[in-house]
Amino acid sequence: MKGRIAIIDDNEAIVEMLRRRLEKEGYEVLCCSDSSASVELCRRGKPDLVVLDILMPGKSGWEIMEELKGDPATGSIPVIISTVKNRPEDLEKGRELKASDYIAKPYVFGDLLEKIRALLGD
């Protein structure tokens, strides 16, 4: 395995597509479409990287990010923000919360894979 990646997105079709594509690339994939369960998934699953959607029902991606970065068990995990919100203030908020990278939806899988490889050193 190249590494363990957590995909957190409320769109189950996106989660499933990413899971299949990343597994074909040799990654182990943890999936979560429920924002309230996402932080616990990361605590237990110890992913090497998280791909996190910002627009989620219930707990927002920003809230999830704050919890992840505020917890010593998950604070050092790189996070790629994935969202349709591509405004300068969203990019700035991602930087403030220590996101490792940002990708705007819709995106080409190859672009996401390139960001993942860069962060994991593959």
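Me: What makes the five strands of this predicted model one sheet, and in which order do they run?

Reply: The five strands form an open sheet in the order E2-E1-E3-E4-E5. The pairing is parallel. Two strands count as paired if there are at least two bridges between them. E3 (residues 49-53) and E4 have four bridges. Four bridges also join E4 to E5 (residues 101-104). E1 (residues 4-8) and E3 pair over four bridges as well.

Me: Why are E2 and E5 called edge strands?

Reply: Each pairs on one side only. E2 covers 28-32.

Me: How are neighbouring strands turned against each other?

Reply: On average by 20 degrees, with direction ignored.

Me: Which residues stand opposite each other in the sheet?

Reply: Start with Ile 8, which stands opposite Leu 52 in E3. Leu 52 in turn has Ile 81 of E4 as a bridge partner. Further along, Ser 82 has Ile 103 of E5 as its bridge partner.

Me: What makes E4 a mostly covered strand?

Reply: Count its residues. E4 spans residues 79-83, and five of its five residues are buried. Buried means under 20% relative accessible area. Val 79, Ile 81 and Thr 83 point one way. Ile 80 and Ser 82 point the other way. All of these are buried, so both sets meet the cut-off of under 20%.

Me: Which β-α-β units include E4, and what is their handedness?

Reply: E3, helix H3 (residues 61-70) and E4 make a right-handed unit. E4, helix H4 (residues 88-96) and E5 make a right-handed unit too. The term has a test: with the strands pointing away from the viewer, the path from the first strand over the helix to the second runs clockwise.

Me: Where does helix H5 lie?

Reply: H5 (residues 109-120) lies across E1, E3, E4 and E5. Its direction is about 175 degrees to E5. The angle scale runs from 0 to 180 degrees between N-to-C directions.

Me: What joins Lys 105 and Pro 106?

Reply: A cis peptide bond, with omega about -10 degrees. Pro 106 sits in the loop between E5 and H5.

Me: How do you know that the buried residues of H2 line one face?

Reply: First, list them. They are Ser 35, Ser 38, Val 39, Leu 41, Cys 42 and Gly 45. Seen down the axis of H2, they fall within an arc of 155 degrees, so they line one face of the helix. On the other side, Ser 36 and Arg 44 are exposed.

Me: What covers the buried residues of H2?

Reply: The cover includes E1, E2, E3 and H3.

Me: How many disulfides are there, and how do you know?

Reply: The count comes to zero. Take Cys 31. The nearest cysteine sulfur, that of Cys 32, is 8.8 Å away. A disulfide needs a pair of sulfur atoms within 2.5 Å, so Cys 31 is in no disulfide. Now take Cys 42. Its nearest cysteine sulfur also belongs to Cys 32, and that is 7.8 Å away. The cut-off is 2.5 Å, so Cys 42 is in no disulfide.

Me: Why is Cys 31 called partly exposed?

Reply: Its relative accessibility is 33%. Buried is under 20% and exposed is over 50%, so Cys 31 falls in between.

Me: What makes Cys 42 buried?

Reply: Its relative accessible area is 1%. Buried means under 20%, so Cys 42 qualifies.

Me: What is the phi of Lys 46, and where is its place?

Reply: Lys 46 has a positive phi of about 45 degrees, although it is not a glycine. Its place is in the loop between helix H2 (35-45) and E3. That puts Lys 46 just after H2.

Me: Why is Lys 46 called exposed?

Reply: Its relative accessible area is 58%. Exposed means over 50%, so Lys 46 meets the cut-off.

Me: What is the phi of Lys 98?

Reply: Positive, at about 70 degrees, and Lys 98 is not a glycine. Lys 98 lies in the loop between H4 and E5.

Me: Is Lys 98 buried or exposed, and how do you know?

Reply: The relative accessible area of Lys 98 is 61%. The cut-off for exposed is over 50%, so Lys 98 is exposed.

Technical notes. Residues are numbered from 1 along each chain as its sequence is written. This is a predicted model: local features need pLDDT of at least 70, side-chain atom pairs count only at pLDDT 80 or more; totals for chains, interfaces and linings use all residues. Side-chain values use heavy atoms; hydrogens and water are left out. Buried means under 20% relative accessible area, exposed over 50%, partly exposed in between (1.4 Å probe, protein chains only). Helices (H or I, at least four residues) and strands (E, at least two) are DSSP runs, numbered from the N terminus. Contact means heavy atoms within 4.5 Å. The arc is that of the directions from the helix axis to the C-beta atoms.
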